[in-house]
Amino acid sequence: MTSKPAPQVSVRRLLFRWLLLPLASLLALNVAVGYQIALYPAKAAYDWALMDTALSLSRLMAASGIGSGIPLSRSADILLRTDQYDRIYYSVHDAKGALLAGDYHLTPPQLESMTAGELLYDSVLDNENIRVAALRFMLHGKDAVVQVAETTVKRSRLTNQILTGLIASEMLLVVAVIILVWFGIGKGLAPLERLRAAIEARSHRDLRPVPEDHAPVEVQPVVHALNNLLGQLEGALQSQQQFIANAAHQLRTPLAGLRTQVEYGLQQRDPEEWHRILQALKPATERTAHLANQLLTLARAEVGAHQMSSRQPLDLRAVVESVAGDWLPQTIARDIDLGLELNPAPVLGDALLIGELLANLIDNAIRYTASGGRITVHTRMENDCAVLEVEDEGAGIPEAEREKVFQRFHRVDGSLGEGCGLGLAIVQEIAHLHGGHAEIRTPASGAGTLVMVRFPSAQENHG
Ligand SMILES: Nc1ncnc2c1ncn2[C@@H]1O[C@H](COP(=O)(O)OP(=O)(O)OP(=O)(O)O)[C@@H](O)[C@H]1O
Ligand SMILES: [Mg+2]
């Protein structure tokens, strides 16, 4: 099953998206608001000018004594209608709506609607938009309305100029912001780049911590976690080197002994002497083979820590049942009664490694129990833990030694047999590998040894 590759996250792109999108929206809002703010006073200025013209016209009419039906003088008309961009219209109506002067097609507003005396409004004349200023005034003692209107060419020009100016300045701002954000992000990410270069420049043997204080505060937790990992790796590497040195040292002595005996044998001519030497070689080779096996099992358990994904659901009961038979010859030879009290105890684990764990416990029990004794293996569930116990009636392990016997190569002084002191270290290593723990107790009878190994239940492991 191939899993989809996780989408790549670019900090630069993320920052860019989170900074630029809101910034662009803000700039657009700025254009809209700025446009309104700039447009209002500009349009108002045009309106005031238009109203001023209406006022001048009303004064001119009142002062010149122009009455109904008499047009303005030609020069006044030219003056009124002169504008660089727009066409100007004007009209004077009496209270009944009769045209007194000006353009007939400029319809007057209702006098009643002009309570304030003046009115500014938009209208359409000859299919053209116009802006109209209307002013109510007294002409020879009677109500009249003067209107001045202009097309909206200069107003549209003004609107366009304001908009173009605003958009151009905002565009400049956008470009400036893009450039600043781009370089700013680059500058902000530079310490990360330096960190990457520093890590990349290291050799795979260099497990010293990366200097945390050089990293930016935001990245320090990552560097800290990395340093923790490097520390663990260093520890693992050291313990591996220690293990290899120990193993070499432990193997060298018995192998040298074997070689000496073989060399001695080769110098002999007497077949009886050969036989005697070979007899002595047998247990020595067995011990050496046992040592090599124990070392390899320990190494395998250590390496297994990185491969625990290979755990399978299995039952401790089944593991015991499958290997118990292997021990019968030895228990019979020593007249030891091997009893099994097995209940279901499901775990997730490596059957081979748990088999090795069990083999070491039974081996100890047989080895350190006097002939005629009894060994019992229990499996059961207890408080959500799968429990494996091996109990014997041997000499027992003194309280003070119960922690130490789990150390590598540690043997209790005066122990029987020729063990190499690795069995219980292997047991603990395999127990820990499965998230469990081994400890030594005194059996209920008060004598002998009980080694109890607890494993997390299979259900917990699943979670
Ligand atoms: N069931 C037991 N009864 C009494 N003493 C024990 C028992 N199991 C272990 N010990 C003591 O603990 C020591 C450490 O045991 P461990 O199994 O680690 O090593 P070993 O048996 O000496 O060697 P190995 O198992 O590697 O061949 C033993 O030397 C022995 O003194
Ligand atoms: Mg042992």
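Let me start with strands β1 and β5, which run antiparallel and are joined by seven bridges in what is, I should say at once, a predicted model. If you want one position to find that pairing by, take serine 91, which stands opposite glutamine 147 in β5. Strand β1 also pairs with β2, again in the antiparallel sense, but here over three bridges, and in that pairing valine 92 has alanine 101 of β2 as its bridge partner. The two strands make a hairpin with four residues between them, and in this hairpin glycine 97 takes a positive phi near 95 degrees.

How enclosed is β1 by the rest of the structure? Five of its seven residues are buried, so β1 is largely enclosed. Aspartate 94 is also found in this strand, which covers residues 88-94, and aspartate 94 counts as partly exposed because it has 17 C-beta neighbours inside 10 Å, where 20 or more would be needed for a residue to be called buried.

Staying with this part of the chain, I would like to point out two loop residues. Proline 109 sits in the loop between β2, residues 99-102, and β3, residues 118-125. Leaving aside residues up to four places away in sequence, proline 109 touches Met114, Leu119 and Ala134, and with 17 C-beta neighbours inside 10 Å it counts as partly exposed. The second one is histidine 140, in the loop between β4, residues 128-139, and β5, residues 142-151. Histidine 140 has a positive phi of about 50 degrees although it is not a glycine, and it is classed as exposed because 12 other C-beta atoms lie within 10 Å of its own.

Now let me step back to the whole chain. The protein is divided into domain 1, residues 11-159, domain 2, residues 220-304, and domain 3, residues 310-462. How far apart do the C-alpha centres of domain 1 and domain 2 lie? In this model the separation is 106 Å. Individual pairs of residues can be described in a similar way: aspartate 94 and alanine 324 are 230 residues apart in sequence and 126 Å apart in space, C-alpha to C-alpha, while proline 109 and alanine 318, which are 209 residues apart in sequence, are 106 Å apart on the C-alpha atoms. For aspartate 363 and alanine 176, which are 187 residues apart along the chain, the C-alpha separation is 79 Å.

Next comes the other sheet I want to show you, an open one, in which five strands follow the order β7-β9-β10-β12-β11 with mixed pairing. Its edge strands, each pairing on one side only, are β7, residues 337-342, and β11, residues 437-441. On average, and with direction ignored, neighbouring strands of this sheet are turned by 15 degrees against each other.

Within the sheet, β9, residues 374-382, and β10, residues 385-392, pair in the antiparallel sense over eight bridges, and valine 377 stands opposite valine 390 in β10. Helix α8 packs on the sheet, where it touches β9, β10 and β12, residues 449-456, and its direction makes about 25 degrees with that of β10. Helix α6, residues 316-324, lies across β7, β9 and β10, and runs at about 155 degrees to β7. Aspartate 363 lies in helix α8, and this residue is partly exposed because it has 17 other C-beta atoms within 10 Å.

That leaves the ligand. Which of the 22 residues around ligand 1 come nearest? They are Asn364, Tyr368, Val412, Gly419 and Gly423. The elements that give two or more residues to this shell are α8, residues 351-367, and α9, residues 423-433, so helix α8 is one that both packs on the sheet and contributes to the surroundings of the ligand. By class, the shell holds 10 nonpolar, 10 polar and two charged residues.

One last residue, for those who look at backbone angles: phenylalanine 409, in the loop between β10 and α9, has a positive phi of about 65 degrees although it is not a glycine. With 13 other C-beta atoms within 10 Å, phenylalanine 409 is classed as partly exposed.

Notes:
Residues are numbered from 1 along each chain as its sequence is written. Chains are lettered from A and ligands numbered from 1 in the order in which they are written. This is a predicted model: local features need pLDDT of at least 70, side-chain atom pairs count only at pLDDT 80 or more; totals for chains, interfaces and linings use all residues. A residue is near a molecule or strand if its C-beta atom, placed from the backbone, lies within 6 Å of it. Ala, Val, Leu, Ile, Met, Phe, Trp, Tyr, Cys and Pro count as nonpolar, Asp, Glu, Lys and Arg as charged, and the others, Gly among them, as polar. Domain bounds come from an automatic or database domain assignment. Two strands pair if DSSP finds at least two bridges between them. Axes are lines fitted to C-alpha atoms, for helices over the stretch in contact, and angles run from 0 to 180 degrees between N-to-C directions. Two residues are in contact if their C-beta atoms, placed from the backbone, lie within 7 Å.
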